[in-house]
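Work through the exercises below with the sequence and the model open. Each task is followed by a solution in steps.

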Amino acid sequence: MIDTKVAIVGAGLAGLYAARLLRAAGVDFMLIEARDRLGGRILSADESGQPSEDGFDLGPSWYWPRVQPAIGALVAELGLPAFAQNSEGDVIFERMSREGRHRLRGLAQGQQSMRLEGGTAALVRALAHDLPRSKVLLGTRVTAMALTGDGVELTIARADETPETLAVNRVIAALPPRLLEATVAFTPEQDAATAERWRGTPTWMAPHAKFFALYDRPFWREAGLSGTAQSMVGPMLEMHDATTASGRAALFGFIGVAAEQRAALGEEKLARTCLDQFARIFGDEARAPLATLIKDWAADPLTATPADRAAAGYILPSDAPWVTGPWQQRLALAGSETSPSEPGYLAGALIAAKRAAAETLGKLETVGFRFEGKHG
């Protein structure tokens, strides 16, 4: 049996930030992640789809420091270099298949979209840098949580499926509430209203897929195009320049085809259809990429549940408690979807993690634990 003060379940941005705050407070913790990598829905990958320090963002790409001060402050604190999303040049609009493309003059953005050099995973690498490796369990699923007299007993399963137990005083669940409800058995069970709320909360990005085409140069810029396009024809509904800070050229689009249709088409056919659309919009050079990438988040079992395969609306922020009943004293939720502001976004992950860490630290203090350092 492993014994620690706090278990943080999920090592995406929220889990990593919660770990940073607990470590600053001198609290013993274990960070548990089902994937074999850190970052969760943050994934910056190379042309083969593998994590890279100069990758293309298959998950979230942008942040807006002026309207999302939490993420802006963390980027500054970590000293991460950033650059503006390319917006110079005209934009393209496809209205109907029988019409040609409409070329429109680009407009200045009210809030400049920013990207990180090295991809959004630069945040993950920076937060992980000071984490002791002994405090991180990768490739480890939490399958059950049970209240005990003095804490929580977690059942965990590693790659070989051998179950182990982890005894903790408190738990921070830093994953989407819908995924938590679908994958973890609770004893006692969450009350019916709480479980229903978790199930009914859409997981950000889970129904979506992104397509990337990588090129030897950003040829669309030579034609005076920004790389931004919107389409009512499809298969992609919205497209952007994905060229990295180092100059690796790419276009990407959000695929508008539903998850079930994507699965039926298969990646090869879907990629050809997307390249056809890029060629319609940006010219024939788009048909000959160096490589293509598709990330279908709905097909990722560590992100999506069957309920996420249908498109969902925006998450409505709420101050209502995410945990009720006997679990309220031992469990705090930190997934971005639970944030009272910017839910689903990178900023929301930080806000939710800070709230969960503060709640956890406060409850540990009330039962007599003492800490070194500050709460962050």
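**Exercise 1. Locate threonine 120, decide whether it is buried or exposed, and list what it touches.**

Step 1. Threonine 120 sits in the loop between E9 and H3; helices (H or I, at least four residues) and strands (E, at least two) are DSSP runs, numbered from the N terminus. Residues are numbered from 1 along each chain as its sequence is written. This is a predicted model, in which local features need pLDDT of at least 70, side-chain atom pairs count only at pLDDT 80 or more, and totals for chains, interfaces and linings use all residues; side-chain values use heavy atoms, with hydrogens and water left out.

Step 2. The relative accessible area of threonine 120 is 2%, so the residue is buried (under 20% relative accessible area; exposed is over 50%, partly exposed in between; 1.4 Å probe, protein chains only).

Step 3. Not counting residues up to four places away in sequence, threonine 120 touches Ile42, Ser44, Asp57, Pro60, Ser61 and Leu346, where contact means heavy atoms within 4.5 Å.

**Exercise 2. How many residues of H3 are buried, and against which elements do they pack?**

Step 1. Of the 9 residues in H3, 7 are buried.

Step 2. These are Ala121, Ala122, Leu123, Val124, Ala126, Leu127 and Ala128.

Step 3. The buried residues of H3 pack against H1, strand E4 (44–45), strand E5 (56–57), H2 and E9.

**Exercise 3. Describe the largest nonpolar core and the elements that supply it.**

Step 1. The largest nonpolar core (buried Ala, Val, Leu, Ile, Met, Phe, Trp, Tyr and Cys residues joined through side-chain atoms within 4.5 Å) has 43 residues, and Ile8, Leu22 and Leu31 make the most contacts inside it.

Step 2. Two or more residues each come from strand E2 (6–9), helix H1 (13–24), strand E3 (29–32), helix H2 (69–78), strand E9 (114–116), helix H3 (121–129) and helix H9 (346–366).

Step 3. H9 gives the largest share of this core, 9 residues.

Step 4. Leucine 22 touches Val6, Ile8, Val27, Phe29, Ile172, Ala357 and Leu361, leaving aside residues up to four places away in sequence.

Step 5. Another core, of 25 residues, lies apart from the largest one; Met30, Ala173, Leu175 and Val323 are among its members.

**Exercise 4. Give the strand order of the open sheet with 7 strands, and place helix H8 relative to its strands.**

Step 1. The order is E8-E7-E17-E18-E19-E16-E20, with mixed pairing; two strands pair if DSSP finds at least two bridges between them.

Step 2. Strand E8 (102–104) and E20 are the edge strands, each pairing on one side only.

Step 3. With direction ignored, neighbouring strands of this sheet are turned by 20° against each other on average.

Step 4. E17 and E18 pair in the antiparallel sense over 2 bridges. Glutamine 230 stands opposite glutamate 238 in E18.

Step 5. Helix H8 (residues 267–282) lies across strand E7 (90–94), strand E16 (209–215), E17, E18, strand E19 (249–255) and E20. H8 runs at about 65° to E16 (axes are lines fitted to C-alpha atoms, for helices over the stretch in contact, and angles run from 0 to 180 degrees between N-to-C directions).

**Exercise 5. Which parts of the chain does the salt bridge between aspartate 241 and arginine 221 tie together?**

Step 1. The closest N and O atoms of aspartate 241 and arginine 221 are 2.9 Å apart, and a salt bridge is a side-chain nitrogen of Lys or Arg within 4 Å of a carboxyl oxygen of Asp or Glu.

Step 2. Aspartate 241 belongs to strand E18 (residues 236–241) and arginine 221 to helix H6 (residues 219–222), so the pair ties together parts that are 20 residues apart in sequence.

Step 3. Aspartate 241 is buried at 0% relative accessible area, whereas arginine 221 is partly exposed at 37%.

**Exercise 6. Examine the salt bridge of glutamate 260 with arginine 309, then place it among the others.**

Step 1. In this pair the closest N and O atoms are 2.9 Å apart.

Step 2. Glutamate 260 is in helix H7 (residues 259–265) and arginine 309 in the loop between strand E20 (291–296) and strand E21 (331–333), 49 residues apart.

Step 3. Glutamate 260 is exposed at 52% relative accessibility, and arginine 309 is partly exposed at 24%.

Step 4. The structure holds 24 salt bridges. Glu33, Arg35, Lys295 and Asp300 are linked in a network of them.
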